Amino acid sequence: MATVADLDLPSLNYLDPALSGTRFHDTLRELRERSWVARAEPFGFFVLDREATAFFLRTPAATFPGRTMLEIHGVTSGPLYERMTGNLLDRGGEEHRRLRRLIQPAFTPKAADAYRPAMREQLAALFTPLAGTGRCEAVADLAKPYPARMIATVMGAPLDDAPLLQEWANTIQRQFDPEALTNDLPALERAAVDFQAYARDLIAKRAGNLIGELLEAGLSEDETLDVVSSVLVGGVDTTQSQLAHGLRLFAEHPDQWALLAEEPELVPGAVEEILRFEPIAPFTARITLEEVAFRDIVFPASTLVFACAQTANRDPDEYAGAEAFDIRAERGKAKPLTFGAGPHFCLGANLARAELDEALRFLAPRMPGFALDGEPEYDTPLGLYGMKRLLVRWRASA
Ligand code: HEM
């Protein structure tokens, strides 16, 4: 059996700043057409088809490399390291399974549906001041504040604190970014300390349904803090980026937006198509804990592997017409890998789907003639792939 490092593979530098927007998609498609496995420069390997991506997401022989990243940057103690070791993504085995079993009831589709009235309320509060203007910057005006307000609601924090939570989430999320770890460590650690003190106070007050449910399910206060931190870090930038890309996709496909306004029953399919077409975690990182053999190739212990949801979700063997964004297409049984797979499958998937669903239902009929009002500005796809700016316009009602 060949070792992956000895193979003659195509390669892609994932730090290339030009890699975003159409160029990003084209480059990844070409790479996938050449090979299901490729070299990821400067370190690691990409796996690119759906089966290989799902395999590396699921295997217990590999783990999320968040803690390794901190250790490589010399962070082996302190508040950031403590938050990372408490993070659900960092836990494994029976300990992780036990915690997931206890917290799952707070994240069912029914539990997410209970927040739908609050979602509509927040969408109305954000959209009302924009309604008559007919144009906005959809990232700052809609996509960014909405999930932060929802996470504040879920955590039982005052809505006025949503911008503060958003700031912490954005900052702590950067613990996965090597450049931030090198240049901005004090700011990251300060955010971890401040958020921890804030969350402990909410837990002491048993603020909100989620904290109450977690404590009643038998979690200790420390475990509750770990889950609440995971929800903050996992639940803000993600939904924000997914909604921003979703709005951008519809601004580029105005006929599908018009259809959505006329036929709201298309909304759940539209949410799935946004998730499939533009997964905001296009590369989910894993590090092998031991030697792993897959398709007659050996991945030695400590190999960094990027499981690529972006190409997996466009696997031509799974999805007909995979390269087109089409909310009416029959996509078959394969679910997109946008929320991961296996034991760490996104805890907030139902909440995120409900948030996206409510946003489309609310906005589509209120923004007729929705279109781009300038060139969209993309973020880089390493880590979370968001939009920096999205100028849009629509026909404002008199
Ligand atoms: C569209 C929005 C979202 C996307 C695309 C997304 C994506 C993901 C992905 C890919 C993973 C797996 C990571 C891995 O295996 O390494 C994950 C895990 C996770 N997500 Fe999400 N997420 C979203 C929204 C949310 C929300 C709203 C929450 C808040 C409840 C959340 C909380 C979490 C948590 C706590 C985990 C870790 C689960 C575990 O390790 O057991 N996510 N998410």
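Is Leu 351 buried or exposed? Leu 351 is buried, with a relative accessible area of 11%. Please keep in mind while you explore that this is a predicted model. The notes below start from that residue and the cavity around it, then move on to the iron site, two helices and some backbone details.

**Leu 351 and the largest cavity**

- Leu 351 belongs to helix α19, and it is one of the residues that line the largest cavity.
- That cavity holds about 70 Å³ of space.
- Its lining is made up of Ala 106, Phe 107, Thr 108, Ala 111, Ala 112, Tyr 115, Val 154, Leu 347, Asn 350 and Leu 351.
- Two elements, α6 (109-113) and α19 (349-366), each give two or more residues to this lining.
- By character, the lining residues are eight nonpolar and two polar, with no charged residue.
- Ala 112 and Leu 351 both appear in the lining; they are 239 residues apart in sequence, yet their C-alpha atoms are 4.8 Å apart in space.

**The second largest cavity**

- In total, the model has three cavities of 30 Å³ or more.
- The second largest of them offers about 50 Å³ of space.
- Around it sit Arg 83, Asn 87, Ile 172, Gln 175, Phe 195, Asp 226, Ser 229, Ser 230 and Val 233.
- Helix α14 (residues 221-235) is the biggest contributor to this lining, giving four residues.
- Here the mix is three nonpolar, four polar and two charged residues, whereas the lining of the largest cavity has no charged residue.

**The iron site**

- The iron atom of the ligand has a single protein donor, the SG atom of Cys 346, at 2.3 Å.
- Cys 346 is placed in the loop between α18 (309-312) and α19.

**Two other residues of α6 and α19**

- Lys 110 lies in helix α6 and counts as exposed, at 71% relative accessibility.
- Between the C-alpha atoms of Lys 110 and Gly 332 there are 25 Å in space, and the two residues are 222 apart in sequence.
- Glu 358 is part of helix α19 and, at 5% relative accessibility, counts as buried.
- Glu 358 and Ala 341 are 17 residues apart along the chain, with 25 Å between their C-alpha atoms.

**Helix α1, with one buried face**

- Helix α1 (residues 21-34) has 14 residues and spans 21 Å from first C-alpha to last, close to the expected 20 Å.
- Its buried residues are Gly 21, Phe 24, His 25, Leu 28, Leu 31 and Arg 32.
- Viewed down the axis of α1, these buried residues fall within an arc of 135 degrees, so they line one face of the helix.
- As background, an α-helix has 3.6 residues a turn, so residues three or four places apart point the same way.
- Thr 22, Glu 33 and Arg 34 are exposed on the other side of α1.

**Helix α9, largely enclosed**

- Nine of the eleven residues of helix α9 (residues 145-155) are buried, so the helix is largely enclosed by the rest of the structure.
- The buried residues of α9 are Pro 145, Tyr 146, Pro 147, Ala 148, Met 150, Ile 151, Ala 152, Val 154 and Met 155.
- Val 154 also helps to line the largest cavity.
- Just after α9 comes Gly 156, with a positive phi of about 80 degrees.

**Backbone details worth a look**

- Most residues other than glycine have a negative phi, and most peptide bonds are trans.
- The peptide bond from Glu 41 to Pro 42 is cis, with omega near 5 degrees.
- Pro 42 sits in the loop between β3 (37-41) and β4 (45-47).
- Arg 295 has a positive phi, near 50 degrees, and is found in the loop between β8 (292-294) and β9 (297-299).
- With 33% relative accessibility, Arg 295 counts as partly exposed.
- Asp 296, also in the loop between β8 and β9, has a positive phi near 65 degrees.
- Asp 296 counts as exposed, at 60% relative accessibility.

How values were computed. Residues numbered from 1 in each chain as written. Predicted model: local features only at pLDDT ≥ 70, side-chain atom pairs only at ≥ 80, totals over all residues. Heavy atoms only, no water. 1 Å grid on protein atoms, 1.4 Å probe; cavity = no way out; pocket = protein on both sides within 12 Å on 5 of 7 lines; lining within 4 Å. Points joined across faces, edges and corners; volume = space filled by probe spheres on them. Nonpolar A, V, L, I, M, F, W, Y, C, P; charged D, E, K, R; others polar. Donors = N, O, S within 2.8 Å, 3.2 Å for Na, K, Ca; no water. Expected span 1.5 Å × (residues − 1). Buried < 20%, exposed > 50% of the residue type's maximum accessible area, 1.4 Å probe, protein only. Arc of directions from axis to C-beta.
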